[in-house]
There are 2 protein chains.
Amino acid sequence: MDALQRRILTEGRNLGNGILKVDSFLNHQVDPVLLDECGRELAARLAGAGATKVLTAEISGIAPALTTARHLGIPLVFARKSKPITMPDQVFLTLAPSHTRGGTVELIVSPEYLSQHERILIIDDFLASGQTILGLARLAAAAGATVVGIGAIIEKTFEGGRAVLAALHVPIESLAVIVDMSEGRIVFSEP
Amino acid sequence: MDALQRRILTEGRNLGNGILKVDSFLNHQVDPVLLDECGRELAARLAGAGATKVLTAEISGIAPALTTARHLGIPLVFARKSKPITMPDQVFLTLAPSHTRGGTVELIVSPEYLSQHERILIIDDFLASGQTILGLARLAAAAGATVVGIGAIIEKTFEGGRAVLAALHVPIESLAVIVDMSEGRIVFSEP
């Protein structure tokens, strides 16, 4: 994903403490063409997992999850962080620490859309500490569903998420892999 | 949009008080194929407005805004309901009453991605009371940008939003127009 790396280098800002601001094309403003390319690439890399549904977390996971799901031809479910009135009383709920907001957030999925027959592909914007993705995996497990793969747009290897997720024994793909953000740098892994 | 009307009739649930639950394809689970068709149709109907940017509100606006923006070949910005740490201190912020959650929510956009040269197309999942869309229009006005069109997936005419938005003097398009939800009904307008 050269196009993605170029956008990160030209528009991304290293705010320190491992925070990468990519609000110009991913987290506040969204470039639909780039996101569609990202979805196509994640779908291609993870097609072999045989997923029946994409699972992500609102808010910034929705765009990459939607484009990936479209290229795989399967639905997506986005876990809510608060329970809307349209959701039944009995839900799957887990807590995940929030890297960019502090504290913990709730991740909530209705049992209506997550069942034991599903093969779940988890997609998110960032793979950093892995805690949000691990939370989504707990929701899938609570439903008796099977996690079959994980995909992220941007991975920050120095936060250790890949090791945390290794216990799931599924393929993990990320499109831009950043290995160092110390002292204002944004360093990608060698291809 | 016959496909959309069929999905609403087969999967939508009238929860009373004007609340339409469409969590199976729009507000919690998302059907990417249907949403892509909706985006294509909104883009076609509103192409003449000459928009340079799509503006929506997180959370459920993101999917229809993304597919509409992709078919128009322009970026989208989703207003945040809380200010992430990546956003500058000075922002555009307005309050909008929340129909499905009660109380009011903040709608926040960074001045980095909304400027006086922009021609703004507002896209949302629902056009009901029109208050969220009106809030987005206030954000555009605060930036000195020009609202040039409004599009929604589902309109509930009995909540009066179209009249509220008439003061903006822009084209308003919605793909499924519901005129009556009293006594458990879901009645579409005649084509």
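**Reading a two-chain model: contacts, symmetry and burial**

Trainee: Which residues of α4(A) meet Pro32(B), Val33(B) and Asp36(B) in α3(B)?

Mentor: A contact means that two C-beta atoms, placed from the backbone, lie within 7 Å, and by that test Leu66(A), Ala69(A) and Arg70(A) are the residues of α4(A) that meet those three in α3(B). Sorted by class (nonpolar: Ala, Val, Leu, Ile, Met, Phe, Trp, Tyr, Cys and Pro; charged: Asp, Glu, Lys and Arg; polar: the others, Gly among them), the residues of this contact divide into four nonpolar, no polar and two charged. This is a predicted model, in which local features need pLDDT of at least 70 and side-chain atom pairs count only at pLDDT 80 or more, while totals for chains, interfaces and linings use all residues. Residues are numbered from 1 along each chain as its sequence is written, and chains are lettered from A, and ligands numbered from 1, in the order in which they are written.

Trainee: At what angle do α4(A) and α3(B) pack?

Mentor: Helices (H or I, at least four residues) and strands (E, at least two) are DSSP runs numbered from the N terminus, and the angle, from 0 to 180 degrees, is taken between N-to-C directions of axes fitted to C-alpha atoms, for helices over the stretch in contact. Here helix α4 of chain A, residues 62-72, and helix α3 of chain B, residues 32-46, pack at about 105°, with their axes 9 Å apart. That makes α4(A) roughly perpendicular to α3(B) (65 to 115 degrees; under 35 is roughly parallel, over 145 roughly antiparallel, and the rest oblique).

Trainee: How many residues does each chain bring to the whole contact?

Mentor: Chain A brings 32 residues and chain B brings 31. On the side of chain A that touches chain B, the elements giving two or more residues are α2 (23-27), β3 (29-30), α3 (32-46), α4 and β5 (76-79), and α4(A) gives the most, with five residues. By class, that side of chain A has 17 nonpolar, seven polar and eight charged residues.

Trainee: What turn lays chain A on chain B?

Mentor: Two copies of a chain are related by a rotation about an axis and a shift along it. In this model a turn of 180° and a shift of 0.0 Å along the axis lay chain A on chain B with an RMSD of 0.0 Å, superposed by least squares on the C-alpha atoms of residues with pLDDT of at least 70 in both. That is the relation of a two-fold axis. Because 97% of the interface residues of chain A are also interface residues in chain B, the copies meet through the same surface.

Trainee: Which residue of chain A comes closest to the rotation axis?

Mentor: Ile59(A) does, with its C-alpha at 3.1 Å, and this residue lies in the loop between β4 (53-57) and α4 of chain A. The peptide bond leading from Glu58(A) into Ile59(A) is cis, with omega near 10°. In chain B a cis bond likewise joins Glu58(B) and Ile59(B), with omega about 15°, and Ile59(B) is found in the loop between β4 (53-57) and α4 of that chain.

Trainee: How many residues of helix α4 of chain B are buried?

Mentor: A residue is buried if 20 or more other C-beta atoms, placed from the backbone, lie within 10 Å of its own, exposed if 12 or fewer do, and partly exposed in between. In helix α4 of chain B, eleven of the eleven residues are buried, so this helix is largely enclosed by the rest of the structure. After α4(B) comes Gly73(B), whose phi is positive, near 70°.

Trainee: Is Asn17(A) buried or exposed?

Mentor: Asn17(A) counts as exposed, with 8 C-beta neighbours inside 10 Å. Its place is in the loop between β1 (13-14) and β2 (20-21) of chain A, and it has a positive phi of about 55° although it is not a glycine.

Trainee: Which residues touch the most other members of the largest nonpolar core?

Mentor: A nonpolar core is a set of buried Ala, Val, Leu, Ile, Met, Phe, Trp, Tyr and Cys residues joined through C-beta atoms within 7 Å. The largest one has 122 residues, and Ile122, Leu136 and Ala140 of chain A, with Ile122(B), Leu136(B) and Ala140(B), touch the most other members. Ala140(A), which sits in helix α5 (residues 131-142) of chain A, is buried, with 26 other C-beta atoms within 10 Å. Not counting residues up to four places away in sequence, Ala140(A) touches Leu55(A), Leu114(A), Ile120(A), Ala145(A) and Val147(A). With neighbours within four places likewise left aside, the contacts of Ile122(B) include Leu55(B), Leu136(B) and Val147(B).
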